[in-house]
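These are my notes from an afternoon with a structure, kept in the order in which I looked things up.

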Amino acid sequence: MPTVLAMADFDLPTRSASGFMLRYIAPRVEPVQLLGMLVRRLPFRLAAPQSDIIIGTGHGDVDTFTGQNEAILLEVGNYDPIEVKGKVIKLLSCQTGVELGPDLVKNGCAAFMGYTDDYVWVMDSDLASTPWADKEFAGKCLMPVVDGLNALLDGKSAGEALNIELESYSRNAKMEEDELVKACIEFNRENAILIGDGGASIRARPSLALPFKLIPPPPLLMPV
Amino acid sequence: MASSKEEWGRYQEALRRGDKEAAADAFRRYLEAKKAEGKGSSKPTLVNLSSKAKDYPNAVPLESIPKIMQEKPEFFDLMRRIVTKEK
């Protein structure tokens, strides 16, 4: 079963979040990987039913999750349940845990992981073309998300994956000296939620191959 | 000059009181203190993944936070939630 990995990258926050997915998650999973202009409703609708996990980074609201240029991918009451049935879904987005997550679970999604308030972090905008290199700022919030996703891809349950993400936030917050970065880490940790079956898991994927551990993707040259 | 930690405490208090002007001033002083302490040499920007239905931008350079807090009530409230952890 393929993975749906939707990575919008049209502005600074989506570029930063998707950059970390591109660096640490994309090399581990088979297509379908939707990047940039492909993160739209039609490709998503075609790919989603075939997958066992949906991972998405994009802007969101209480009832919507969006892709490139805020094209709606999932909206409460406006998708086919077959797109989500039996799947583990992780959305790195704002507030989708309020209404969209519960609606996805009501329509058959095995486990939903998202956030109940805005997802916020500090990034270094000088590193927009190599966002994965932003370890001083963005990495403090986004690496816990990567840790949780890697746990899922290792075959761990959704509940275990969430705990790994939360522990990773706590570790980073404890070591952080910058007050604003620390406040963002703690804010995201408090808003991370799991809805549905905490015991749900997916087929384990091979771990990151050695070349990808050492070599980052080429710089992203599209303007944001 | 007060330390960045002290200025951050003042910023938190101003957010709790709902005092936009004091919060904006305190955040400006916080950034100045950080600079004086030799931190923040790159181009840090506060970003979020909320939809455009909100009245605040998705990317705010740190030096623009005081101005945006004063202009956009929803952004002031977001900063209040982030910093004070009060819903």
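I began with the strands that pair across the two chains of this predicted model, and I found that strand β8 of chain A, residues 120–124, is joined to β1(B) by five bridges, the two strands running antiparallel. Following that pairing residue by residue, I noted that Leu46(B) in β1(B) has Val122(A) standing opposite.

Next I looked up how much of each chain takes part in the contact, and I wrote down 33 residues of chain A in contact with 22 residues of chain B. On the chain B side, I saw that at least two residues come from each of α1 (4–17), β1 (44–48) and α4 (73–84), and that β1(B) gives the most, with five residues. I then sorted the residues of this side of chain B by character, and they divide into ten nonpolar, seven polar and five charged.

My last entry concerns a single residue, Ile202(A), which I located in the loop between β9 (192–196) and α7 (210–214) of chain A. Is Ile202(A) buried or exposed? I counted 23 other C-beta atoms within 10 Å of Ile202(A), and because a residue counts as buried when 20 or more lie within that distance, I entered Ile202(A) as buried. Leaving aside residues up to four places away in sequence, I listed Asp52(A), Ile53(A), Val88(A) and Leu152(A) as the residues that Ile202(A) touches. I also looked up Gly86(A), which is 116 residues from Ile202(A) along the chain, and noted a separation of 9.9 Å between their C-alpha atoms.

Key:
Residues numbered from 1 in each chain as written. Chains lettered and ligands numbered in written order. Predicted model: local features only at pLDDT ≥ 70, side-chain atom pairs only at ≥ 80, totals over all residues. Contact = placed C-beta atoms within 7 Å. Helix = DSSP H or I, 4+ residues; strand = E, 2+ residues; numbered from the N terminus. Nonpolar A, V, L, I, M, F, W, Y, C, P; charged D, E, K, R; others polar. Pairing = 2+ DSSP bridges. Buried ≥ 20, exposed ≤ 12 C-beta atoms within 10 Å, placed from the backbone.
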